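Colleague: Got a minute to go through this one with me? I'd like to start with the backbone and then move on to the ligand.

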Amino acid sequence: VAFSLGAQAAEEFPAKDKTITIVVPFAAGGPTDRVARDLAEALRKPLGATVVVDNTAGAGSSIGAARVARAAPDGYTILLNHIAMSTMPALYRKLAFSVPNDFEYLGMINDVPMTLIGRPTLPANNYKELVTWINQNKGKINLGNAGLGAASHLCGLMFQSALQVDMTAVPYKGTAPAITDLIGGQIDLLCDQTTNTTPQIEGKKVKAFAVTTPKRLTTPALKDLPTLAESGLKDFNVSIWHGLYAPKGTPAAVVTKINEALKVALKDPEFIKKQEGLGAVVITDKRVEPAEHKKFVQAEIDKWGAVIKAAGQYAD
Ligand code: MLT
């Protein structure tokens, strides 16, 4: 009976009276939350269901990811996370779940560039002056991040090892609280995704020094920012991909339904406009397919695992 009920529920997914929860493993108001809320909006119609966003923050997204890994595999609790899925395995010796095996892959969403930004009172007005200031203030620099494994942590790690300068990491539950402290001058630097930093850069609330992608960005507020690569950090290339995940064991019929709805959402002009206005690039390649999504995550685990080990970084 249980099996047939399961099969029937999968066929009928989503049930009219049930809500689909997208778990965001960072604080509300940050870049991951931004993508989730925009996507939830675009998923409602194709899914024909109520879609809500719920934040379970902490430990670089591992707390939120663990919540979904152990949720009922019925498609009503799914995870939206980013590159942290591929960095946590190298950073956390003990995780309450394993990547890639403890999840079903629902498809990828977008690629988001990062910006290196500073507090408004920082006495440097371009990347060159920033490097001078960094070298004059070794041992006294506070670099915000959203916890070990976060995109901001990974970018900060890459930046410090490229400059061969150690900074004090100041972890937050997301880069929304981190950027608030940066604007207030409590921390000096932050490497954060354009989905969060674009409005602050436009509003001149922070100093913007560079972008982390190989090519400059076209977003009006960001187009004059040099890349770190052209500023001397050869090959510096960090772009943050986001995907959707369900607990292992979620029926294939449910995975397919959510993936089909995601493909419609990614073509939604409203969604694309919102994302592109914040410098994000909506996925149009095969990484939207569950099998390719899983393959990509595994390749990224191998890639970033090597970088993290080379930098001698472990969380605990
Ligand atoms: C990160 O730095 O990993 C995330 O962008 C943090 C967030 O979404 O708040």
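Colleague: Where does proline 100 lie?

Modeller: Proline 100 is in the loop that runs between helix 4 (84-91) and strand 4 (103-118). This is a predicted model, and in it the peptide bond from valine 99 to proline 100 is cis, with omega about 10°.

Colleague: OK, and what about the bond from phenylalanine 13 to proline 14, cis or trans?

Modeller: Cis, with omega near -5°. Proline 14 belongs to the loop between helix 1 (2-12) and strand 1 (19-24).

Colleague: Why flag those at all?

Modeller: Because most peptide bonds are trans.

Colleague: Fair. What's phi doing at glutamine 164?

Modeller: Phi there is near 60°, so a positive value in a residue that isn't glycine, and most residues other than glycine have a negative phi. Glutamine 164 is in the loop between helix 6 and strand 6 (168-171).

Colleague: What are the confidence scores like, before I get attached to any of this? What's the average pLDDT?

Modeller: The protein averages 95, and 97% of the residues score at least 70. For the complex, the predictor gives an ipTM of 0.95 and a pTM of 0.96.

Colleague: Good, on to the ligand. Where does it sit?

Modeller: In the largest cavity. The ligand has 13 residues around it, and the closest are Thr32, His82, Ala151, Ser152 and Gln193.

Colleague: Which helices and strands supply at least two residues of that shell?

Modeller: Helix 2 (31-47), helix 6 (151-163) and strand 7 (189-193) each do.

Colleague: And how does the shell split by class?

Modeller: Five nonpolar residues, seven polar and one charged.

Colleague: So which polar atoms are close to the ligand's oxygens? Start with histidine 82.

Modeller: A polar side-chain atom of histidine 82 is 2.7 Å from a ligand oxygen. Two backbone cases go with that: a polar backbone atom of alanine 151 lies 2.6 Å from an oxygen of the ligand, and one of threonine 175 lies 2.8 Å from a ligand oxygen.

Colleague: How much of the ligand does the protein bury?

Modeller: 100% of the 270 Å² that the ligand exposes when taken alone.

Colleague: Nice. Give me the ligand part in one line for my notes?

Modeller: The ligand sits in the largest cavity, with a shell of 13 residues and polar atoms of histidine 82, alanine 151 and threonine 175 by its oxygens.

Note on methods
Residues numbered from 1 in each chain as written. Predicted model: local features only at pLDDT ≥ 70, side-chain atom pairs only at ≥ 80, totals over all residues. Heavy atoms only, no water. Near = heavy atom within 4 Å. Polar contact = N/O pair within 3.5 Å; in protein donor to acceptor, adjacent residues only side chain to side chain. Areas by Shrake-Rupley, 256 points an atom, 1.4 Å probe, with all protein chains shown as cover. 1 Å grid on protein atoms, 1.4 Å probe; cavity = no way out; pocket = protein on both sides within 12 Å on 5 of 7 lines; lining within 4 Å. Sits in = over half its atoms within 2 Å of the grid points. Helix = DSSP H or I, 4+ residues; strand = E, 2+ residues; numbered from the N terminus. Nonpolar A, V, L, I, M, F, W, Y, C, P; charged D, E, K, R; others polar. pLDDT = per-residue confidence, 0-100.
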